[in-house]
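Hello,

Here is the structure we spoke about, handed over with some notes. Please look through it before reading on.

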Amino acid sequence: MAITSNRAEQENNEFATGAITRWFLVLVVMATVTALTQTQSPAAADASPQPQAASFVGSIGELAQLEGLASRAAARAAQPEMQRVRAGVSYEVVVGPDRPDVYFTFDDGPDHRGVTDRVLDLLDAYDAKATFFVVGRAAEAFPEQIDRIVNEGHSLGNHSYSHPRLTSLSLADVRRELTRASDVLETLSGHEISCYRPPEAKVNDQIHAIAVELGIGNETWTAEWGSHWGLWDVDSWDWRGGRDRTLDALDTVVEGDVVLMHSLSDFSADIFDEWMSDNHDRFDFEVLPGCMTKPVR
Ligand SMILES: [Zn+2]
């Protein structure tokens, strides 16, 4: 009995001790949780979820952009010599130890606002060369700008005589537009014109066949018809305005790219200056090969 009693007592004692231990553990856990909550609260308040989410989205966007650039650059690096056809001419991009070549092109000059002169001044200041796809009628009006383009080592391309949409003309009129522009430019510059860019990028096989016949179109170009990619790689969007959009577009430029700009508005010259001030030492800016103007014999 006594033993039973002792056992019962002992069991009671063990039960009591076990209960105290369990309660103690529960209290310790609760105290720990409270302490952790209290110490974490200020930190959690400092790092509000909004900025975290914003920076996350931002970094993903930047990453995607960087990956896009990196994959384009990697594709080119894997193919050190590339035959490219742009703006109606074919040229070779050679990836080498020198600074990468890029080809800026300015459409629609010469102009009466002094934009072409400003662009030429900037090209001189940044020791850069470019290709000007000029309109024959404008060249007649501002021949001194044609002189500057050629004398300062840039090249001239045919951008038609009066800047019509060539695809809405008869083929006879297309021939007249292109022939007249080349004649005007060769007379004014004393140089042979060897490339063209159709206004508004509107072109088809028949129009291009005329250009080939006139010596300003490349015979291998037809594979890329109907796509702006056959005419340039980067549209700077300077024709629409918008500083951020234009700078974003220019920031995608990589080796071998043909860049579309215009010599029509101060915006183009301003944004070219702004981008060049940050990027002029990253690239060599060259005349589009195959678009070289050579003296008429
Ligand atoms: Zn144009």
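**Helix 3 and the loops**

The buried residues in helix 3 are Val-115, Thr-116, Val-119, Leu-120 and Leu-123. Viewed down the helix axis, the buried residues of helix 3 fall within an arc of 140 degrees, so they line one face of the helix. The general background is that an α-helix has 3.6 residues a turn, so residues three or four places apart point the same way. Please keep in mind that this is a predicted model.

What does that face pack against? The partners of the buried residues of helix 3 are strand 3, strand 4, helix 5 (143-151) and helix 9 (266-279).

On the other points, going along the chain:

- Ahead of helix 3 (115-125), the loop that comes from strand 3 (101-107) holds Pro-110. The peptide bond from Gly-109 to Pro-110 is cis, and its omega is near -10 degrees.
- Helix 3 is followed by Asp-127, with a positive phi near 55 degrees. This residue is not a glycine, and its place is in the loop between helix 3 and strand 4 (130-134). Asp-127 has 10 other C-beta atoms within 10 Å, so it counts as exposed; the cut-off for exposed is 12 or fewer.
- Ser-160 also has a positive phi, near 80 degrees, without being glycine. Ser-160 sits in the loop between strand 5 (155-158) and helix 6 (171-189).

Is Ser-160 buried or exposed? Ser-160 is buried, because 25 other C-beta atoms lie within 10 Å and the cut-off for buried is 20 or more.

Regards

Notes. Residues are numbered from 1 along each chain as its sequence is written. This is a predicted model: local features need pLDDT of at least 70, side-chain atom pairs count only at pLDDT 80 or more; totals for chains, interfaces and linings use all residues. Helices (H or I, at least four residues) and strands (E, at least two) are DSSP runs, numbered from the N terminus. The arc is that of the directions from the helix axis to the C-beta atoms. Two residues are in contact if their C-beta atoms, placed from the backbone, lie within 7 Å.
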